[in-house]
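Biologist: I should like a close look at a single part of this predicted model. Please take the surroundings of one annotated position and set them in the context of the chain.

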Amino acid sequence: MTARAEIVVDLAAVRHNVALLRELAGVPVMAVVKADGYGHGAVRVARAARAAGAEWLAVATLDEARALREAGDTGPLLAWLTVPGERYDDVLAAGVDVTAYSVAQLDEIAAAAARLPEATASARVQLKVDTGLARGGAPRAEWPAFFARARAGETDGSWRVTGLWSHLACADEPDHPANDAQQAAFDEAVDHAVDAGLEPGLRHLANSAATLLRPQARYDAVRVGLACYGLDPAPGVDHGTDLRPAMTVTSRLALVKHLAAGDSVSYGHQWTASAPTTVGLVPLGYGDGVPVAATNVAEVVVEGKRRPVRGRVCMDQVLVDLGGDTPPAGTEVTLLGPPGDGRPTADDWARACGTINYEIVTRLGGQVGRTSRRYVGG
Ligand SMILES: *Cc1c(COP(=O)(O)O)cnc(C)c1O
């Protein structure tokens, strides 16, 4: 390895996870590959997910959907995050299911659908309702007008409504009362849609946590993101599913030096050696996705031993305490996995940094250009 840092993504692990989730769910899987596949690389993960039986892919933005189509993916694909003035024409023509939350958005989609060439199949629109997350999705008060507009567009040939969906706020806490409340609200939304003359099409509610922990929320499909990458969406809640983390992050010591008792390190001198020791310079920092919150708390592995981060994480560099050992410069540093032998996991980083495993992999894996990404198991 000559790179300063390397992200290795194990596509066999992705396939294993997706196949496991497909079997567990018993309904079609939408593999969520937004944010460049949570830092793993959307196109490669998408292919692995399809190969392992994911019927659908899902992304947030239309640009993310375009990137998958440009890479040759032609299968069912859902996108859900748009802004006023969004350009829908090409994604509708490419058979992407777009998500609407409001009458205004349906009006914009209708205008784009009217411009589609005659020979193109009709636009595909999924309707998202807010059942208690209070994020995207039509609020309950707007359901009558929203469903009526959706039905009118169906009648005038603008689109086909292909799905009705919502998103849970507390799926990682299976006993949280919000889960039952949201699911009841979702069932009501389905009834309202039917009353408005719509066929709801694919009904979906579950993210990774609900897929693993709430079988009754699986409906007609599940939208699984984090679990496809082998990470636990509800750390500490047992679900007995053998997920395999797909991402490994390694670097190499750039320099090893001695410190005397009383020497302080990095910006702000936020750590001072209480006894003589050695430190290693790891040439990665927050510009590479290492959280500043890792300052003095996260750990890496060097020569099989856990080594704590010392001093403030910089943009490009961080120091680790080598406890008097002097491995040569160039020695491998493992920041993340593969699992086992005490190597740090995304959960270890998340706990240390006061964040969630989602953010750890999305940031560390998402700096392509600074770090290189390599695929194995393809
Ligand atoms: C990100 C996202 C998902 C996937 O969530 P995971 O917890 O990663 O499984 C599903 N649905 C929506 C709407 C999302 O934004």
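In which loop is Met315 found?

Modeller: Met315 is found in the loop that runs between β16 (305–310) and β17 (318–321). As the coordinates come from a predicted model, what follows describes that prediction. The interest in this residue comes from the UniProt record, an unreviewed entry, which places the feature "binding site" at Arg135 and Met315. These two positions are spread over 181 residues of sequence and are also spread in space, up to 32.3 Å between C-alpha atoms. Of this set, Arg135 is taken in by the lining of the largest pocket.

Met315 itself has a relative accessible area of 42%, which is over the 20% limit for buried but not over the 50% needed for exposed, and therefore Met315 counts as partly exposed. Not counting residues up to four places away in sequence, Met315 touches Gly285, Tyr286, Gly287, Asp288 and Arg370. Two of these partners, Asp288 and Arg370, are joined to each other by a salt bridge, with the closest N and O atoms 2.9 Å apart. That pair links distant parts of the chain: Arg370 is in the loop between α11 (357–364) and β19, and Asp288 is in the loop between β14 (277–282) and β15 (299–302), 82 residues apart. The two ends of the bridge can also be described by their accessibility. Asp288 is buried, at a relative accessible area of 1%, whereas Arg370 is partly exposed, at 36%.

Arg370 has a further carboxylate partner. Asp316 forms a salt bridge with Arg370, and here the closest N and O atoms are 2.8 Å apart. Because Asp316 lies in the loop between β16 and β17 while Arg370 lies in the loop between α11 and β19, this pair ties together parts that are 54 residues apart in sequence. Asp316 is partly exposed, with a relative accessible area of 31%. Together with Arg4, the residues Asp288, Asp316 and Arg370 are linked in a network of salt bridges. The contacts of Met315 thus include two members of that network, Asp288 and Arg370.

The strand β19 leads to another pair. Arg373, in strand β19 (residues 372–376), is 337 residues apart from Asp36 in helix α2 (residues 34–38), and the pair links these distant parts of the chain. Their salt bridge has its closest N and O atoms 2.9 Å apart. Both ends are partly exposed: Asp36 has a relative accessible area of 34%, and Arg373 one of 21%. The count for the model comes to 26 salt bridges.

The other annotated position may be set beside this one. Arg135 lies in the loop between β6 (123–128) and α7 (143–155). With a relative accessible area of 53%, Arg135 is exposed, whereas Met315 is partly exposed. Leaving aside neighbours within four places in sequence, Arg135 is in contact with Asp130 and His167.

Helix α2 also appears in the packing of α3. The buried residues of helix α3 (residues 42–51) are Ala42, Val45, Ala46, Ala48 and Ala49. They cover an arc of only 165° around the axis, so they are on the same side of α3. Among the elements that cover them are α1 (11–25), β2 (29–32), α2, β3 (56–61) and α4 (62–70). Just after α3, Gly53 takes a positive phi of about 110°.

How values were computed. Residues are numbered from 1 along each chain as its sequence is written. This is a predicted model: local features need pLDDT of at least 70, side-chain atom pairs count only at pLDDT 80 or more; totals for chains, interfaces and linings use all residues. Side-chain values use heavy atoms; hydrogens and water are left out. UniProt positions are given in the numbering used here, feature names are shortened, and annotations may be inferred rather than shown by experiment. On a 1 Å grid over the protein atoms alone, a cavity is a set of points where a 1.4 Å probe fits but cannot get out, and a pocket is an open set with protein on both sides within 12 Å along at least five of seven lines; lining residues have an atom within 4 Å of a point. Helices (H or I, at least four residues) and strands (E, at least two) are DSSP runs, numbered from the N terminus. Buried means under 20% relative accessible area, exposed over 50%, partly exposed in between (1.4 Å probe, protein chains only). Contact means heavy atoms within 4.5 Å. A salt bridge is a side-chain nitrogen of Lys or Arg within 4 Å of a carboxyl oxygen of Asp or Glu. The arc is that of the directions from the helix axis to the C-beta atoms.
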